[in-house]
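Subject: Handing over the model

Hi there,

Here is the structure I promised to pass on to you. Please load it in your viewer and keep it open while you read my notes.

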Amino acid sequence: TSPVNAAADLEFSTCKSGLQWADAKVGSGISPPKGSSVAVDYVMSTTGARYGAKIYSTSERNNAYRWTLGDGSTILGLEQAVMGGDGSLPPMLPGGIRRLIIP
């Protein structure tokens with residue numbers, strides 16, 4: 001099973017902020033520091049159904065979402081998911097795949 005298709009089998013952890021996360025694939029290398037320009041592909045979906053219905057996908061449009069870490073231009077849950085923090089969430093590493101449920 002590929003990491004992307006195994007999402008239903010992931011065990012999610014919950015941060016103090018309410019952010020739920022699970023790594024489908026752990027990346028490698030050095031996590032980007034605050035002030036770095038980062039790009040992520042994401043799929044936004046509903047959580048009402050068992051597996052949710054896809055709303056939007058950056059990879060289908062070949063247009064990764066880009067921002068500067070720590071500049072306040074993106075939602076806090078996404079920034080926290082990439083930078084790590086809240087005591088229990090490690091930073092993402094390049095090439096990683098992380099599933100999120102952002103409250």
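Below is what I found in it, beginning with confidence and ending with the aromatic rings.

**Ground rules**

This is a predicted model, in which local features need pLDDT of at least 70 and side-chain atom pairs count only at pLDDT 80 or more, while totals for chains, interfaces and linings use all residues. Residues are numbered from 1 along each chain as its sequence is written, and side-chain values use heavy atoms, with hydrogens and water left out.

The predictor's confidence in each residue is its pLDDT, on a scale from 0 to 100. For the protein chain the mean is 86, and 88% of the residues reach 70 or more. Residues 1-6 fall below 50, and beyond near neighbours in sequence this stretch has six contacts in the model (a contact means heavy atoms within 4.5 Å).

**Overall layout**

The protein chain holds one helix and seven strands, in the order β-β-β-β-β-β-α-β from the N terminus on. Helices (H or I, at least four residues) and strands (E, at least two) are DSSP runs, numbered from the N terminus. Of the 103 residues, 24% are buried; buried means under 20% relative accessible area, exposed over 50%, and partly exposed in between, with a 1.4 Å probe and protein chains only. Looking at contacts between residues at least 6 apart in sequence, 55% join residues at least 24 apart. The accessible surface comes to about 6700 Å², and carbon and sulfur atoms account for 52% of it (Shrake-Rupley method with a 1.4 Å probe; for residues, only the protein chains shown count as cover).

**The three-stranded sheet**

Three strands form an open sheet in the order 1-2-7, with antiparallel pairing (two strands pair if DSSP finds at least two bridges between them). Strand 1 (13-14) and strand 7 (97-101) stand at the edges with a single partner strand each, so one side of each is left without a neighbour in the sheet. Two bridges join strand 1 to strand 2 (residues 20-25), and five join strand 2 to strand 7. Gln20 is a handy residue to click on: its bridge partner in strand 1 is Thr14, and its bridge partner in strand 7 is Ile101. The hairpin of strand 1 and strand 2 has five residues between the strands, and Gly18 there takes a positive phi near 100 degrees.

**Cores and the helix**

Which residues make up the largest nonpolar core? There are seven: Val38, Val40, Trp67, Leu69, Leu78, Val82 and Met92. A nonpolar core here is a set of buried Ala, Val, Leu, Ile, Met, Phe, Trp, Tyr and Cys residues joined through side-chain atoms within 4.5 Å. Strand 3 (37-40) and helix 1 (76-83) are the elements that give two or more residues to this core. A second, separate core has five residues, including Cys15, Leu19, Trp21 and Leu89.

Six of the eight residues of helix 1 are buried, so the helix is largely enclosed by the rest of the structure. The buried ones are Gly77, Leu78, Glu79, Gln80, Ala81 and Val82, and their cover includes strand 3, strand 6 (65-68) and strand 7. Just after helix 1 comes Gly84, with a positive phi near 85 degrees.

Leaving aside residues up to four places away in sequence, Trp67 touches Leu78, Glu79 and Val82, among others. Its further contacts include Ser36, Ser37, Val38 and Val40.

**Aromatic rings**

Rings of Phe, Tyr and Trp (its six-membered ring) pair if their centres lie within 6.5 Å; planes under 30 degrees apart count as stacked, over 60 as edge-to-face and the rest as tilted. The count comes to three aromatic pairs. Tyr42 and Tyr56 form a tilted pair, 5.8 Å centre to centre with 40 degrees between the planes. Tyr42 lies in the loop between strand 3 and strand 4 (43-45), and Tyr56 lies in strand 5 (residues 54-57), 14 residues apart. Tyr42 also pairs edge-to-face with Tyr65, at 6.1 Å centre to centre and 85 degrees between the planes. That second pair spans 23 residues, with Tyr65 in strand 6.

Are these tyrosines buried, exposed or partly exposed? Tyr42 is partly exposed at 27% relative accessibility, as is Tyr56 at 26% and Tyr65 at 25%. Together with Trp67, the three form one aromatic cluster: Tyr42, Tyr56, Tyr65 and Trp67.

Best wishes
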